Amino acid sequence: RIPLLIDTDPGVDDALALLMAFDDVRHRIVGLSIAAGNVGLEHTVANALKLCEVAGVDVPVFAGCASPLLHPARDAAYVHGRDGFGDTAYAKATRQPQAEHAALAILRLSHEHAGQLLLVALGPLTNVALALKLDPTLPSRVARFVVMGGAITGHGNITPAAEFNIAFDPEAARIVFEGFPHIDLADWEATMAHGFAHDEFERWLQADSTKARFYDSISKKTRDWANDRRGDHWHSADALAMAYALEPDGASELAERPVAIEIDGRHTRGATIVDWRREGGAPDNCRILMRYDQAAFERRMRAALGA
Ligand code: BDR
Ligand code: CA
C-alpha cells in the first residue's frame with residue numbers, strides 16, 4: 001500500500017478529507033502532521049486525535065508550528081467554529097500526540113518511505129516549509145506532493161486575491177512552491193466547481209453510521225454559514241484535494257504551469273500567480289487540477305461518511 005502522510009489543520013473540510021483517506025484501501029496513513037490554520041494548534045491537534053478516535057483509526061499525530069513563519073495571521077474560526085469542529089463541546093480523545101515535532105516527523109517519514117511517499121497538505125504550509133528549510137533534499141524522497149491551496153485566476157476566498165491556506169502563511173508557501181519541483185495543486189476555484197447540492201449532502205449525513213453522525217454534528221455551523229454565503233451547494237476544498245490525491249485518474253483536466261507566491265503585494269499578498277503564457281521562463285512547477293470526475297468524487301465522499 002502507498003504510504004500517505006497528511007499535513008492538516010482540522011477544520012471541518014479537513015475532517016471530511018481525513019475520513020476519505022481513512023477509508024481508502026490502497027493507501028496506508030503513516031502520520032498526520034498538524035498545522036495551525038483554521039484555528040489554533042491546540043484545537044487542530046485535539047480535533048485530529050478526536051477524528052481518529054471516532055473513525056477507529058490509530059495513526060500517529062504530530063503537532064507542528066503554532067503560528068506562521070513570519071507574520072501573525074487570522075484564523076478561520078468564523079467558518080469552522082472557535083474550536084475548528086463546530087463548537088459541539090465533544091469529549092476529548094484519550095490519546096495524546098507524539099513528542100516529535102511535525103517538521104521532524106515529515107523528514108523522518110520521508111526517509112523511511114523514500115521514493116514512495118504520498119504527501120498531502122491540506123492546511124497552511126508552515127510545517128512543510130520548515131521541514132524543507134531543515135533539509136532541502138526532502139522533495140527527492142517524496143513520490144508525489146498534493147497541495148490544497150491557491151486561487152489560480154485570482155478569485156480568493158479570504159482576500160479578493162488569495163486563498164486561505166496560502167494567505168495564512170505566504171512565506172511558507174513561497175518556500176514550498178520554490179523548493180518542490182512538482183506540486184499537484186487543487187485550488188479554491190476547482191473546489192467551487194465541484195460542489196454537491198446541500199439537500200443531497202444532508203441526506204448522506206443522515207446515514208446510520210458513526211462517522212456520518214459525528215460529521216453531521218461538527219459541520220452544522222459551517223453548513224449554515226456556507227448556506228448563507230455560497231448558495232445551495234456544499235463545497236469541500238480538502239476533500240476534493242484528497243480525492244485527487246487518492247485517485248489521480250479521476251482528474252479529467254489538468255494544466256501544467258509555473259506558479260509563484262506573492263508575498264509583497266498590498267492587495268495581493270498570498271496570491272498564487274500562474275504564468276499562463278509561460279512568459280517568465282520558469283519551469284512548470286505545478287500540475288493544476290481543473291476538472292475532476294464528479295461521480296468518483298461523490299463515491300468517495302459517501303464512502304467516507306458510510307452513506
Ligand atoms: C482551505 O482553507 C481552510 O479553511 C480549509 O480547511 C481548506 O483547507 C480552503 O481555502
Ligand atoms: Ca484545511
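## Briefing on a predicted single-chain model

Arg-278 sits in the loop that runs between strand 11 and strand 12, the latter covering residues 286–292. The model in which this residue is described is a predicted one. The chain holds 13 helices and 12 strands, and its radius of gyration of 18 Å is close to the 19 Å that the globule rule gives for 307 residues, so the chain is as compact as a globular protein of that length.

**Overall form**

- Taken along the principal axes, the C-alpha atoms of the chain fill a box of roughly 55 × 40 × 35 Å.
- Of the 307 residues of the chain, 51% count as buried.
- Among the contacts in the chain with a separation of 6 or more, 84% are accounted for by residues that are 24 or more positions apart.

**Backbone features in the loops**

- Arg-278 is not a glycine, yet its phi is positive, at about 50°; the residue is partly exposed, with 13 other C-beta atoms within 10 Å.
- Asp-87, which lies in the loop between helix 3 and helix 4 (102–112), likewise has a positive phi, near 50°, in a residue other than glycine.
- The surroundings of Asp-87 hold 14 other C-beta atoms within 10 Å, and the residue is partly exposed.
- Pro-10 and Gly-11 are joined by a cis peptide bond, with an omega of about -15°, and Gly-11 itself has its place in the loop between strand 1 (2–8) and helix 1.
- Asp-264 belongs to the loop between strand 10 (259–261) and strand 11 (272–274), where it is exposed, with 7 other C-beta atoms within 10 Å.
- Between Asp-264 and Phe-177, which are 87 residues apart along the chain, the C-alpha atoms are separated by 16 Å.

**The surroundings of ligand 1**

- Ligand 1 is surrounded by 16 residues, of which Gly-11, Asp-13, Ala-76, Phe-164 and Ala-237 are the closest.
- Two or more residues of this shell are given by each of helix 1 (12–22), helix 7 (164–168) and helix 12 (237–246).
- By residue type, the shell around ligand 1 divides into seven nonpolar, five polar and four charged residues.

**Helix 10 and its two sides**

- In helix 10, which spans residues 198–205, the buried residues are Phe-201, Trp-204 and Leu-205; seen down the axis of the helix, they fall within an arc of 105°, so they line one face of helix 10.
- As a general point, an α-helix has 3.6 residues a turn, so residues three or four places apart point the same way.
- The other side of helix 10 carries Asp-199, Glu-200 and Arg-203, which are exposed.
- The elements against which the buried residues of helix 10 pack are strand 7 (196–197), helix 11 (210–230), strand 8 (233–234) and helix 13 (294–305).

**Helix 11, a bent helix**

- At Ser-219, helix 11 bends by about 55°, and Ser-219 is itself among the buried residues of this helix, together with Lys-211, Phe-214, Tyr-215, Ile-218, Thr-222 and Ala-226.
- The buried residues of helix 11 pack against helix 1, helix 2 (41–55), helix 3 (77–80), helix 10, strand 8 and helix 13.
- Gly-231, which follows helix 11, has a positive phi, near 80°.

**Two buried residues and their contacts**

- Leu-240 has its place in helix 12, where it is buried, with 31 other C-beta atoms within 10 Å.
- Leaving aside residues up to four places away in sequence, Leu-240 touches Ala-186, Ala-190, Thr-191, His-194, Tyr-292 and Phe-297.
- One of these partners, Ala-186, is 54 residues from Leu-240 in sequence, while in space the two are 7.4 Å apart, C-alpha to C-alpha.
- Ala-63 is part of strand 3, which comprises residues 61–63, and it counts as buried, with 24 C-beta neighbours inside 10 Å.
- The residues that Ala-63 touches, again not counting those up to four places away in sequence, are Ile-34, Leu-41, Val-45, Pro-97 and Ala-102.
- From Ala-63 to Ala-36 the separation is 27 residues in sequence and 9.0 Å in space, C-alpha to C-alpha.

Note on methods: Residues numbered from 1 in each chain as written. Chains lettered and ligands numbered in written order. Predicted model: local features only at pLDDT ≥ 70, side-chain atom pairs only at ≥ 80, totals over all residues. Helix = DSSP H or I, 4+ residues; strand = E, 2+ residues; numbered from the N terminus. Rg over C-alpha atoms; globule rule 2.2 N^0.38 Å. Buried ≥ 20, exposed ≤ 12 C-beta atoms within 10 Å, placed from the backbone. Contact = placed C-beta atoms within 7 Å. Arc of directions from axis to C-beta. Near = placed C-beta within 6 Å. Nonpolar A, V, L, I, M, F, W, Y, C, P; charged D, E, K, R; others polar. Bend = angle between axes of the 7 residues up to and from the residue.
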